[in-house]
Amino acid sequence: MAKGSQLSQLKSALSQAGVSRPNGKKKKSTPLTEHAKVKKAAKLREIQQKLNPFDVKVTRLKHDVGGRKIKGTMGRPAQSKQAGMQHREKSLLKEVERRGRVGGVIDRRFGENDSSMSLEERMLERFTRERQRASKASAFNLENEDELTHYGQSLSMLDDFDDILVPVDEEGQLDHDTVKKVHFGGFGDGDEGEPDRKKSKAEVMAEVIAKSKAHKMRRQVEKEQGENMRHELDQDFDSLRTLLYAPDPSSIDNDGIDAAKPRAPVAANGEDYDKQVRELAFDKRAKPKDRTKTEEELALEQKEALEKAEKQRRLRMLGQDLDESDEDAGGRRRKRPRGGDDLDDDFFMEDEAFGGLAGVGLEVDSSASESGEEHSDEEVDFGQDNQSSVDEASDLEEKDTRTKRKVHRSSETLKAARELPYTFPAPEDHDEFLEIIDGLPDSDVPTVVQRIRTLYHHSLGPENKFKLQNLASILVDHILYIAAPSAPRMKLLSALVPHLFALCRSYPIESAEHFVVKLSLMHKNLKRGLATDASDPDARTWPGLSELGFLRVIGIIWPTSDMHHPVISPARLLMGAYLGLCRVRSFGDIMSGLFLSSLFLQYENLSKRFVPEAINFVVNATLHLAPHVFLTAKSLPGIFPCPDLRSAPCEPLVIDRSKAKGLEFRKPDLVHMISANLTEQSKIDALGLALGLLERFADMYKSLDGFIELYEPINLVLSGLECGQLSEDVQSRVASLQDKITRLLKFSRQSRKPLHLQAHKPIPIPSYIPKFETSSSSYIRRQDPDRERNEASKLRYQLKQERKGAIRELRKDAKFLAAVEHKKQMEKDRVYRERMNKVVSSLEGERAEQKAMDRENAREKRRAGRK
């Protein structure tokens with residue numbers, strides 16, 4: 001493009017394009033074709049774009065590649081802005097102008113929005129409305145009507161009135177009656193003009209009598225209908241009465257016939273029905289049941305019952321009658337105390353309840369009548385002799401009755417004194433509890449504990465809670481006391497366990513503290529015994545009967561399957577220490593260890609935790625009791641520690657095969673076997689207990705992974721026992737145990753599989769594909785070899801671009817709307833200014849005219865003054 005001004009550049013561009021006219025004469029222009037017009041417009045547009053280089057925006061590429069077309073390298077922001085403005089004027093501006101307006105066509109067709117009407121009903125209703133609308137429009141248009149009718153007859157047929165016969169008089173005119181009735185003065189009845197005649201008294205009375213008879217007849221008919229209906233109800237009720245009123249079973253014979261009272265026939269007039277209805281009103285109504293009482297109400301009721309029973313027991317022990325005490329409590333008249341001059345004249349009043357004088361008098365009267373049959377006249381009039389005999393008989397009877405009452409009262413007093421009291425004080429410690437139950441049999445001790453728990457229920461007072469907690473600790477001490485080796489009372493221990501269980505469930509934390517204290521004391525005793533010498537016969541290492549009973553009670557009261565428990569965990573550790581650290585010195589030690597092993601079996605019944613101390617001790621007990629081929633502990637199979645094998649204290653514990661040939665297994669008694677002398681039967685029973693424990697442990701531990709390593713040495717130990725000279729019961733028991741263990745070992749070997757790696761997805765061979773980072777170049781980021789990750793990155797990029805574009809468009813829309821609002825405001829301001837300018841100009845014109853007029857008037861005045 002040539003240099004120079006804008007005009008020179010335009011002229012040169014037009015001349016080069018061949019669009020400008022040549023200088024010289026004007027030639028006659030020929031019309032251009034459509035194609036030429038389009039081509040010329042394109043050239044002019046190109047020239048216009050070249051003249052304004054700022055209208056084109058070019059983005060220079062950093063690396064230009066030949067043959068590659070990139071979209072967006074050249075842009076025209078002015079044209080884009082103009083196109084956007086035009087598009088917003090057509091769309092956004094129209095929406096803003098139509099905002100808030102309501103328009104549209106309302107469908108007023110009948111039934112169009114009624115879903116309950118079918119299409120035929122809508123069409124029929126619309127046709128009816130259309131016809132009605134048409135009839136309203138032509139209501140007074142008589143030209144379109146073909147024929148007018150009146151009451152179904154055509155008016156054209158009635159024009160001549162030929163068929164109407166009108167009565168006329170002699171002169172040919174309408175008569176007087178026709179004019180009066182048919183024309184405007186008539187249309188009445190024939191007798192309307194006649195006045196009503198007043199009825200006579202006879203006629204009135206006759207009418208009243210007739211109405212009364214009709215009403216009476218109607219009431220009689222209604223009564224008969226009611227009687228008929230009642231009779232039908234009586235007939236129906238007679239069949240139901242046999243079910244409502246069942247006969248008395250005592251009055252029915254064996255044949256099923258009511259012999260006591262024959263069945264009366266039903267009355268025909270319904271009197272029996274009325275009687276039955278009245279009896280139904282006096283039937284006993286059902287009583288509502290008592291509501292369920294709360295725990296506090298039940299405790300209070302039980303406490304009151306015990307206090308009342310104790311009060312009655314004390315009254316019986318003092319020799320007082322219960323009825324007299326009730327009368328005293330009820331505020332009745334008290335019997336006056338017996339004085340020195342008392343003549344016992346109130347004895348008969350007291351004795352009337354037992355039939356004192358009344359019975360004696362009858363007996364005397366009957367005896368007198370029997371003895372004097374011949375003198376019947378004298379029997380009616382009692383003489384002086386008869387009265388004296390009556391007095392003597394009454395004195396004798398009075399003495400006998402008093403003697404019987406004294407004997408009865410003395411027996412009742414002794415019985416009440418021996419009866420167990422119903423109320424007891426809450427014991428503070430174990431010594432006070434022993435004082436309470438002193439002299440009572442063991443069967444009454446649980447009753448005493450139950451009554452103490454009832455009297456001092458926690459809901460009856462705030463201090464009862466601490467009393468019951470103290471009672472729980474006292475019961476723990478008493479269980480250790482009654483299980484002492486001198487005279488163990490296991491039945492009483494079993495009877496007290498439910499009460500201790502209930503108290504521990506109510507107060508678990510406080511009760512657990514008492515148990516832990518006792519376990520700590522037992523552990524201290526064990527450490528003291530182990531510190532001296534475990535193999536010393538005088539060292540107290542193994543638990544006694546009281547400790548064993550206490551450990552058994554712990555397993556009953558507290559849950560043994562918990563992993564960590566404040567009572568069970570210390571108890572398990574203490575029992576394991578007994579079995580693992582104590583040495584066998586006597587038969588009592590073996591029985592204590594077997595009992596502890598059985599307790600472990602009870603403790604681990606649910607959790608099935610492995611206890612090696614129990615298994616080891618049971619195997620050692622078997623080796624101590626049964627004859628075997630193992631000479632030393634090193635010759636034993638497996639790794640069972642057996643420090644006391646063939647030791648001097650354990651030599652007497654081996655079963656003598658010559659003495660135990662005919663002995664069989666019996667149920668062992670722990671108390672008897674620990675305290676009594678050692679016998680061969682005790683050894684046989686202990687061996688049976690050890691074999692039973694091995695069998696039960698095998699059933700419990702058969703699911704362990706190390707069952708083979710655990711019980712294979714035990715099976716070898718059992719095969720090394722020499723039980724050939726013992727009884728068949730012992731031999732069969734050992735053989736059956738070996739067979740069972742062999743079978744379980746076989747099943748365990750079959751279920752055991754060699755170790756293998758964990759099954760998982762195969763690990764692929766590592767490849768050398770470079771790692772692509774999302775924060776690197778956009779080109780590399782979009783060429784990720786992972787297809788899913790690449791698609792996700794593309795979606796994120798598109799979302800980002802769309803968000804940016806949406807924000808940009810929203811800003812442009814807001815800018816456009818702000819410009820439109822600004823234009824509207826400017827237009828309003830312009831109109832306002834024009835209007836105000838008009839008003840101001842008009843006011844200024846009027847003011848100028850007024851000033852000119854004032855000046856003219858002033859000049860006129862001055863002129864007038866000169867003249």
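How many salt bridges does a search of the whole structure find? The search turns up 21, where a salt bridge means a side-chain nitrogen of Lys or Arg within 4 Å of a carboxyl oxygen of Asp or Glu. Before looking at some of them, a word on the ground rules. This is a predicted model, in which local features need pLDDT of at least 70 and side-chain atom pairs count only at pLDDT 80 or more, while totals for chains, interfaces and linings use all residues. Residues are numbered from 1 along each chain as its sequence is written, and side-chain values use heavy atoms, with hydrogens and water left out.

Let's start with the bridge between Arg-583 and Asp-644, whose closest N and O atoms are 2.7 Å apart. This one ties together distant parts of the chain, 61 residues apart: Arg-583 sits in the loop between helix H21 (568–581) and helix H22 (587–603), and Asp-644 in the loop between helix H23 (612–625) and helix H24 (670–675). Helices here are DSSP runs of H or I with at least four residues, numbered from the N terminus. The two partners sit in unlike surroundings: Arg-583 is partly exposed, with a relative accessible area of 28%, whereas Asp-644 counts as buried at 7%. The cut-offs are under 20% relative accessible area for buried, over 50% for exposed and in between for partly exposed, using a 1.4 Å probe and protein chains only.

Arg-609 and Glu-604 make another bridge, at 3.2 Å from N to O, and both of these residues are buried. For a pair within one helix, look at Glu-827 and Arg-830, which meet at 2.1 Å, N to O. They are three residues apart in helix H29 (residues 787–866), so about one helical turn separates them. The general geometry is that an α-helix has 3.6 residues a turn, so residues three or four places apart point the same way. Glu-827 is partly exposed at 39% relative accessible area, and Arg-830 is partly exposed at 32%. Salt bridges can also join up into a network, as they do for Arg-88, Glu-809 and Asp-813.

Now for the greasy side of things. The largest nonpolar core has 113 residues, and those touching the most other members are Leu-500, Phe-515, Leu-551, Ile-554, Leu-594, Phe-697 and Tyr-711. A core of this kind is a set of buried Ala, Val, Leu, Ile, Met, Phe, Trp, Tyr and Cys residues joined through side-chain atoms within 4.5 Å. Helix H25 gives the most to this core, with 11 residues. Apart from it lies another core, of five residues, including Leu-92, Leu-93, Phe-816 and Val-820.

Helix H25 itself runs over residues 680–701 and reaches 31 Å from its first C-alpha to its last, close to the expected 32 Å; the expected span is 1.5 Å times one less than the number of residues. Of its 22 residues, 18 are buried, so the rest of the structure largely encloses H25. Phe-697 is in contact (heavy atoms within 4.5 Å) with Ser-597, Leu-601, Ala-614, Ile-615, Val-618 and Tyr-711, leaving aside its neighbours within four places in sequence.

What about the aromatic rings? Six aromatic pairs come out of the search of the whole structure. Rings of Phe, Tyr and Trp (its six-membered ring) pair if their centres lie within 6.5 Å, with planes under 30 degrees apart counted as stacked, over 60 as edge-to-face and the rest as tilted. Phe-515 and Phe-550 have ring centres 5.4 Å apart and planes at 20 degrees, so they are stacked. That pair joins helix H19 (residues 508–532), home of Phe-515, to helix H20 (residues 545–557), home of Phe-550, across 35 residues. Both Phe-515 and Phe-550 are buried. Phe-697 and Tyr-701 are stacked too, with centres 5.8 Å apart and planes at 20 degrees. Ring pairs also link Phe-515, Phe-550 and Trp-558 into a cluster.

Helix H20 deserves a stop of its own. Its end C-alpha atoms are 18 Å apart, which agrees with the 18 Å that its 13 residues should span. H20 is mostly covered, with 11 of its 13 residues buried. The cover over those buried residues includes helix H17 (464–482), helix H18 (490–506), H19, H21, H22 and H24.

Notes
Helix = DSSP H or I, 4+ residues; strand = E, 2+ residues; numbered from the N terminus.
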